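Biologist: I'd like to learn how to read helix packing from a model. Could we work through an example together?

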Amino acid sequence: MNALSQHFPAMNRSAGGNNADPFVYAQMMNNQVGSQAMPMSANFVMQQQQQQQQQQQQQQQLHEHQNAQKLQQFDEEKIYGLVVELLNPATREQALLDLSKKREQYEDLALVLWYSYGVIPVLLQEIVTVYPLLTPPTLSGGASNRVCNALALLQCVANHNETRSLFLQAHIPLYLYPYLNTTSKTRPFEYLRLTSLGVIGALVKNDNPEVISFLLSTEIIPLCLRIMETGSELSKTVAIFVVQKILLDETGLYYICQTYERFYAVATVLHNMVNQLVENQAMRLLKHVIRCYLRLSENPRAREALRQCLPEPLRDATFHQALKDDIATKRCLGQLLLNLSDGIN
């Protein structure tokens, strides 16, 4: 250092001194400025990169949105084309199949079906055309599939908030009752009953008092009770779901408990189902059965009757193992037994 200072005396002096070398001082200042400018330059580059990324993302989102709009427009045009094809007997069967597959992809399909000229009469025509095949039971698998596709479209109309009331006012559910009244256990008939029940299930699942009032004015309860006794497990499940929804409505509960005959009809079928469940332990059915009994126990007259006729398997530990992981249903069963205890009038 001393040797260097002899040749470069400015290096041994303070930059702020009177004898500071102007060149050395300038170099020192440049170094300081450079050390501060580096991070500012890096921040600027990062900001530019972020802005570019945001612009790219926005462009990509815009592109995806435009593609989605084009796809939706294409789907709508295809839907309208299929609806038009319903009116042509030559293309109707395929149009029924294609539309039934798209009913959950296009949320306004119910509106299109209801307000398109001639479409609902076409669907009803498909339903009544197979009536002669019900008795004697000669319905084929192909005919069953075709009418079930028409029923699927009617279910779409029954499920939509804006068309449900119109659906009821037209009394369209009554067209399905001949299907529910069948007893053949062949696959085409079972599929027909199940799909028809799906339309009624779509009506009741929204807890609409108007729907319950309409159904109570018809023979839906006896039809469901028959299926609850003799149908397949899946049909029984949908049928008891309909009955449960009717019971959950105050008007429905009052209607069923109003006379001994109505209560006895429901209680007898539920009792028989419990006896069957002891054998097959079908959990989905058991849940609905317990909830139906629980709802009945909330009516004073029904509660008094249930104290005498509640099936013993619901009182003892028969279903304890089946319900061990179902806390909600165990709670319902516990509440049912509490309601039927002597302390509640």
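Biologist: How are H5 and H6 oriented to each other, and why?

Modeller: Keep in mind that this is a predicted model. To read a helix pair, start with the angle between the axes: over 145 degrees counts as roughly antiparallel, and 65 to 115 as roughly perpendicular, with oblique for the rest outside the parallel range. Here the axes of H5 (residues 119–129) and H6 cross at roughly 140° and come within 9 Å, so the two helices are oblique to each other. Their crossing is left-handed.

Biologist: Which residues of H5 and H6 make the contact?

Modeller: H5 brings Ile120, Leu123, Glu126 and Ile127. From H6 come Arg146, Val147, Ala150, Leu151, Leu153 and Leu154.

Biologist: Which residues touch the most other members of the largest nonpolar core?

Modeller: For a core, look at who touches whom. This one has 93 residues, and Ile220, Met228, Leu270, Tyr293, Leu296 and Leu314 touch the most other members. Helix H6 (residues 141–159) gives the most to this core, with nine residues.

Biologist: What is tyrosine 293 in contact with, leaving aside its neighbours within four places in sequence?

Modeller: Its partners are Ala267, Leu270, His271, Val274, Leu306, Leu310, Pro311, Leu314 and Leu336.

Biologist: And how many helices and strands does the chain have?

Modeller: There are 18 helices and zero strands. Of the 345 residues, 40% count as buried. To read the fold's wiring, check sequence separation: among contacts between residues at least 6 apart, 71% join residues at least 24 apart. As for the surface, the chain exposes about 19,700 Å², with carbon and sulfur atoms supplying 53% of it.

How values were computed
Residues numbered from 1 in each chain as written. Predicted model: local features only at pLDDT ≥ 70, side-chain atom pairs only at ≥ 80, totals over all residues. Heavy atoms only, no water. Helix = DSSP H or I, 4+ residues; strand = E, 2+ residues; numbered from the N terminus. Buried < 20%, exposed > 50% of the residue type's maximum accessible area, 1.4 Å probe, protein only. Contact = heavy atoms within 4.5 Å. Areas by Shrake-Rupley, 256 points an atom, 1.4 Å probe, with all protein chains shown as cover. Core = buried A, V, L, I, M, F, W, Y, C linked by side-chain atoms within 4.5 Å. Axes fitted to C-alpha atoms, helices over the stretch in contact; angles between N-to-C directions. Parallel < 35°, antiparallel > 145°, perpendicular 65-115°, else oblique. Left-handed = near helix turned anticlockwise from the far one by under 90°.
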